[in-house]
Amino acid sequence: MPLRAIFFDLGGVILRTEYQAPREHLAERLNTTYEDLSRIVFESETSRRASIGEMTTEAHWEAVTRRLGQPVSEARTIRDEFYAGDILDADLLDFIRSLRPRYKTGVISNAWPDLRPYLMQSKADDAFDALIISAEVGVMKPKPEIYRLALDKVGVTAAESVFVDDTAVNVEAARELGMRGIVFKEPMRALHDLKALMK
């Protein structure tokens with residue numbers, strides 16, 4: 001069946017931590033490790049709750065700041081330092097824009113409530129026909145419901161779509177629904193694999 005829709009994860013694919021130094025410096029300043037800092041931000045209960053829309057992004061960062069032993073007034077500074085090395089891949093976004101209108105394009109992301117405003121502010125939202133954000137739909141990858149929502153949103157079947165994600169379990173969940181899947185490791189390889197499916 002021909003490919004009609006291409007979906008991408010955001011964090012780790014289109015938005016990547018290209019420079020570790022700011023996060024390393026923040027961890028050092030807060031007397032913790034890079035790994036523990038990342039776990040507190042991304043793997044805590046408040047992160048999970050924000051990812052399904054049960055908590056605001058701001059409340060999550062306040063909880064992170066408290067766990068790091070800092071006053072809540074530092075939450076914004078810590079958040080900005082944490083993300084200082086993150087880069088939106090402009091070349092990848094331009095490639096995604098070039099896919100339209102021949103293909104439907106979309107994001108399927110486990111993310112907090114601030115993702116859509118961030119993409120709009122960054123002028124990246126125009127690359128996509130659909131933004132399926134876990135905080136807005138109340139379900140996270142790898143649950144099948146989030147993929148079905150994405151397919152319904154752009155009006156394609158699983159067999160007519162492919163999903164690109166840097167987490168293998170999320171790609172495998174998409175494949176189990178009948179979607180094609182690419183595990184993202186680096187941009188050129190992912191684009192090579194994607195172009196092979198588009199032929």
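This passage describes the fold and selected local features of one chain in a predicted model.

The chain contains 11 helices and seven strands. Its radius of gyration is 17 Å, which agrees with the value near 16 Å that a compact globule of 199 residues would have. Along the principal axes, the C-alpha atoms occupy a box of roughly 55 × 30 × 30 Å. Of the 199 residues, 46% are buried. Contacts between residues at least 6 apart in sequence were also examined, and 63% of these join residues at least 24 apart.

The accessible surface of the chain amounts to about 10,100 Å². Carbon and sulfur atoms account for 51% of that surface. The chain carries 27 positive and 32 negative charges, and the mean positions of the two sets lie 5 Å apart.

Strand β6 and its partners are considered next. Strand β6 spans residues 161–165, and five of its five residues are buried. The side chains of this strand are divided between two directions: S161, F163 and D165 point one way, whereas V162 and V164 point the other way. Residues on both sides are buried. Strand β6 is joined to strand β1 (residues 5–8) by four bridges, and the two strands run parallel. Within this pairing, F8 has V164 of β6 as its bridge partner. Strand β6 is also joined by four bridges to strand β7 (residues 180–183), again in a parallel arrangement. Here V162 is matched with R180 of β7 as its bridge partner. Strand β6 thus has parallel bridges to β1 and to β7.

Two helical residues illustrate different degrees of cover. T57 belongs to helix α4, which comprises residues 57–67. The relative accessibility of T57 is 1%, and T57 is therefore classed as buried, the cut-off being under 20%. Beyond its neighbours within four places in sequence, T57 is in contact with R79, W112, P113 and D114. E172 is located in helix α10 (residues 168–176). With a relative accessible area of 37%, E172 counts as partly exposed, because this value falls between the limits of 20% for buried and 50% for exposed residues. The C-alpha atom of E172 is separated by 9.2 Å from that of I182, a residue 10 places away along the chain. I182 falls within the range of strand β7, residues 180–183.

Peptide bond geometry and backbone angles were then considered. Most residues other than glycine have a negative phi, and most peptide bonds are trans. Two cis bonds are described here. The bond from R100 to P101 is cis, with omega near 5 degrees. P101 sits in the loop between α6 (90–99) and β4 (104–109). This proline is exposed, at 81% relative accessibility, which is over the 50% cut-off. In sequence, P101 is 97 residues from R4, while the C-alpha atoms of P101 and R4 are 9.9 Å apart in space. The other cis bond joins K141 and P142, with omega of about 10 degrees. P142 is likewise a loop residue, placed between α8 (134–137) and α9 (144–154).

Positive phi values are found at N31 and at K123. For N31, which is not a glycine, phi is about 60 degrees. N31 lies in the loop between α1 (21–29) and α2 (34–42). The relative accessibility of N31 is 74%, so N31 counts as exposed. For K123, also a residue other than glycine, phi is near 55 degrees. The loop that holds K123 runs between α7 (115–121) and β5 (130–133). K123 has a relative accessible area of 63% and is therefore exposed.

Technical notes. Residues numbered from 1 in each chain as written. Predicted model: local features only at pLDDT ≥ 70, side-chain atom pairs only at ≥ 80, totals over all residues. Heavy atoms only, no water. Rg over C-alpha atoms; globule rule 2.2 N^0.38 Å. Buried < 20%, exposed > 50% of the residue type's maximum accessible area, 1.4 Å probe, protein only. Contact = heavy atoms within 4.5 Å. Areas by Shrake-Rupley, 256 points an atom, 1.4 Å probe, with all protein chains shown as cover. Lys, Arg positive; Asp, Glu negative; His and termini not counted. Charge placed at Lys NZ, Arg CZ, Asp CG, Glu CD. Pairing = 2+ DSSP bridges.
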